[in-house]
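Trainee: I would like a close look at a single part of this model. Please take me through the nonpolar core and the aromatic rings.

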Amino acid sequence: MLKYLTILLMLFSTACATISRPTAVPAPGKEIETVQSPVSVTVKTAQRSVGGRGYLVFRHPDQFHMAILSPFGFTVMEMYSDGERLTCIIPSRDVAYQGLLSELPEQGGLKNWGLIKWVVERPPVAGPSLGAREIVMADGRREQIFFDSKGLVQRKVTEDGDEAVYQSYRDVNGVAFPESIEMINRNGDRVKIAFDDPEVNEPVEEAALKPRLENFTVLPLSEFRGL
C-alpha cells in the first residue's frame, strides 16, 4: 500500500490540474463518512515554517491516519487518531509517541493536531439565518460557526480563540468538500492541509487506520517535540 501511495503522490506532485471543478452545493442527506486523499501540509509558528506532502485517511467520527513523506518518498512521520487517543510515529528514530490529545505540548504548533477532531465535526444545518450561529460544544465550550450564502461552513471559532477556516469547496461524489482547511490555535500557530483530488465516502481498509508499533520504542505523547 505504501508503494502505491508513494507513486500516487509523485504523480500528483508533477501533474498540472486544468479541469474545472463543479460548483459545490450541499446536498440533503449527503455527509462525509470517509476521506482518502494526497495532501500538502504547512506548519507555521513564531519559530519556523515547514511543509511537506503526504496522504490522509479519515473515517467519521474521529479516526484518521496521516503520513508525511520526504521528497524521495520515504515516510517522515505518521499520525493516527482514534477518539481522544493519538499516536505519532517517527520511523527514522524507531520511536512512537502515544497518549491523549490533551497531552500534546503547546509549543511548536503541535497543539493544533489536537484540533483535528473538532475541525471535522459535522456542523449544524445552516438554516434560514446565515452568517454566524453560536452553539455549545460537547466539552461545554461555546463556538461560533460562520456560513456562506449556500449554507457551507466558512469558519469556526471557539470562545478561547481556536479557529478553523474552510476554503474553496468543490463537489466530490455529491458532497461539498473544501480544497483546504487551516487550523489556527490561540497562540497563532497555524497548520494548513490542502487536499489533492480527494476520494469521499469510498470504503476504507481497517488496517489503514491502525498503527503498527512492532519494533518501535513507545514513549508518552507529552514527550513529543516534533521532527
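Mentor: What follows starts with the chain as a whole, then turns to the core and its rings. Keep in mind that this is a predicted model.

The secondary structure comprises two helices and 14 strands. The chain has 227 residues, and 43% of them are buried. Take the contacts in the chain with a separation of 6 or more: 50% of them join residues 24 or more positions apart. The exposed surface of the chain comes to about 12000 Å². Carbon and sulfur atoms supply 54% of that area.

Now the core. The largest nonpolar core holds 42 residues. Leu-86, Val-119 and Phe-224 have the most contacts inside it. Strand β11, residues 175–184, gives the most to this core, with five residues. As a general background, nonpolar side chains in soluble globular proteins tend to be buried together.

Next, the rings. The chain has two aromatic pairs. One of them joins Tyr-97 and Phe-224. Their ring centres lie 5.1 Å apart, with 45 degrees between the planes. That geometry is tilted. Tyr-97 belongs to strand β6, residues 95–100. Phe-224 lies in the segment after β14, which spans 217–220. The two residues are 127 residues apart, so this pair links distant parts of the chain. How buried is each partner? Tyr-97 has a relative accessible area of 9%, so it counts as buried. Phe-224 is at 1% and is buried too. Recall that Phe-224 was also named among the residues with the most contacts inside the core.

The other pair is Phe-177 with Phe-195. This one is edge-to-face. The centres are 5.0 Å apart and the planes meet at 75 degrees. Phe-177 sits in strand β11, the strand that gives the most to the core. Phe-195 sits in strand β12, residues 190–195. Here 18 residues separate the partners, and the pair again links distant parts of the chain. Phe-177 is at 4% relative accessibility, which is under the 20% cut-off, so it counts as buried. Phe-195, at 8%, is buried because it also falls under that cut-off.

One last ring has a charged neighbour. Arg-155 lies over the face of Phe-146. Its distance from the ring centre is 4.2 Å.

To tie this together, follow two residues. Phe-224 is a contact-rich member of the core and pairs with Tyr-97. Phe-177 brings strand β11 together with strand β12 through its pairing with Phe-195.

Notes:
Residues numbered from 1 in each chain as written. Predicted model: local features only at pLDDT ≥ 70, side-chain atom pairs only at ≥ 80, totals over all residues. Heavy atoms only, no water. Core = buried A, V, L, I, M, F, W, Y, C linked by side-chain atoms within 4.5 Å. Buried < 20%, exposed > 50% of the residue type's maximum accessible area, 1.4 Å probe, protein only. Helix = DSSP H or I, 4+ residues; strand = E, 2+ residues; numbered from the N terminus. Contact = heavy atoms within 4.5 Å. Areas by Shrake-Rupley, 256 points an atom, 1.4 Å probe, with all protein chains shown as cover. Phe/Tyr/Trp six-rings, centres within 6.5 Å; stacked < 30°, edge-to-face > 60°. Lys NZ or Arg CZ within 6 Å of the ring centre and 35° of its normal.
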